[in-house]
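Q: I am new to this structure and would love a guided close look at a single part of it. Could you pick one helix and take me through what its side chains do?

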Amino acid sequence: MKGNVEQTGKKSYTINVSSDMLGDTTADGKHKENSFSSVDLILALDAGLDYDKKNKKKSEVEQFIRKFETVCASLKETKKDNYGFYWDYYVPYFTEMKDKNLIETFGYIVFASSDDPDVSKWLKSHKSDIDKFFDWSKNFTWKTN
């Protein structure tokens, strides 16, 4: 989730934005099926915040959680303009995860195999949060049509 961001000087950074991120539309200007171009663009811009003074000292998992929060918020905000299997089937899972404040737990679960001692410590001290996440995930109602 680095988003094509690179430091190009002591206080300068370059964010590479591909033309695909600027609009994945049909000839009549409507979004193409399963287009995530706006989410891609938002993530690329958000990745630039990794270099911000307040975020620079955050761990990799903390950076992931911050960016994933942004991704899920942008999925929810752009849902009405998009369509397709991925939007109908997967997006509700991630937007509900955000609505239920489960993204932090999800982030630490994602990083569980990272061998980061802080991640291991968090996982050991948040067993009830992990159980809550897995209960929610197991009981999530997936769209079937």
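A: One definition will help first: a residue is called buried when its relative accessible area is under 20%, exposed when it is over 50%, and partly exposed in between. Please also keep in mind that this is a predicted model. With that in hand, let us look at helix α4, which spans residues 91–99.

Let us begin with the charged side chains. Asp-99 makes a salt bridge with Lys-76, and their closest N and O atoms are 2.9 Å apart. Asp-99 belongs to helix α4 and Lys-76 to helix α2, so this pair ties together parts that are 23 residues apart in sequence. How accessible is Asp-99? Its relative accessibility is 46%, which lies between the 20% and 50% limits, so Asp-99 counts as partly exposed. Lys-76 also has 46% relative accessibility and counts as partly exposed.

Now for Lys-98, whose salt-bridge partner is Glu-69, with 3.0 Å between the closest N and O atoms. Here again helix α4 meets helix α2: Lys-98 sits in the former and Glu-69 in the latter, so parts 29 residues apart in sequence are tied together. Lys-98 is partly exposed at 25% relative accessible area, and Glu-69 is partly exposed at 28%. In general, side chains of opposite charge can pair when their charged atoms come close. The structure has 4 salt bridges in total. Another of them joins Asp-88 to Lys-79, where the closest N and O atoms are 3.4 Å apart. Both of its partners are partly exposed, Asp-88 at 28% and Lys-79 at 26%.

Next, let us turn to the nonpolar side chains. The largest nonpolar core has 19 residues, and Phe-68, Met-97, Tyr-108, Phe-133 and Trp-136 have the most contacts inside it. Helix α4 is one of the elements that give two or more residues to this core, along with α2 (60–78), α5 (103–110), α6 (117–125) and α7 (127–139). Helix α2 supplies the largest share, 5 residues. A further core of 6 residues lies apart from this one, and Leu-43, Val-71, Trp-87 and Val-91 are among its members. In soluble globular proteins, nonpolar side chains tend to be buried together.

Which residues does Phe-133 touch beyond its neighbours within four places in sequence? They are Tyr-93, Met-97, Leu-102, Thr-105, Phe-106 and Ile-109.

Tyr-93 brings us to the aromatic rings, which form 24 pairs in this model. In one of these pairs, the ring centres of Tyr-93 and Phe-140 are 5.2 Å apart and the ring planes meet at 85°, so the arrangement is edge-to-face. Tyr-93 lies in helix α4 and Phe-140 in the segment after α7, so distant parts of the chain, 47 residues apart, are linked. Both rings belong to buried residues: Tyr-93 has a relative accessibility of 8%, and Phe-140 has a relative accessible area of 10%.

To put the picture of helix α4 together: Tyr-93 is buried and pairs edge-to-face with Phe-140, whereas Lys-98 is partly exposed and bridges to Glu-69. Asp-99, partly exposed as well, bridges to Lys-76.

Notes:
Residues numbered from 1 in each chain as written. Predicted model: local features only at pLDDT ≥ 70, side-chain atom pairs only at ≥ 80, totals over all residues. Heavy atoms only, no water. Core = buried A, V, L, I, M, F, W, Y, C linked by side-chain atoms within 4.5 Å. Buried < 20%, exposed > 50% of the residue type's maximum accessible area, 1.4 Å probe, protein only. Helix = DSSP H or I, 4+ residues; strand = E, 2+ residues; numbered from the N terminus. Contact = heavy atoms within 4.5 Å. Phe/Tyr/Trp six-rings, centres within 6.5 Å; stacked < 30°, edge-to-face > 60°.
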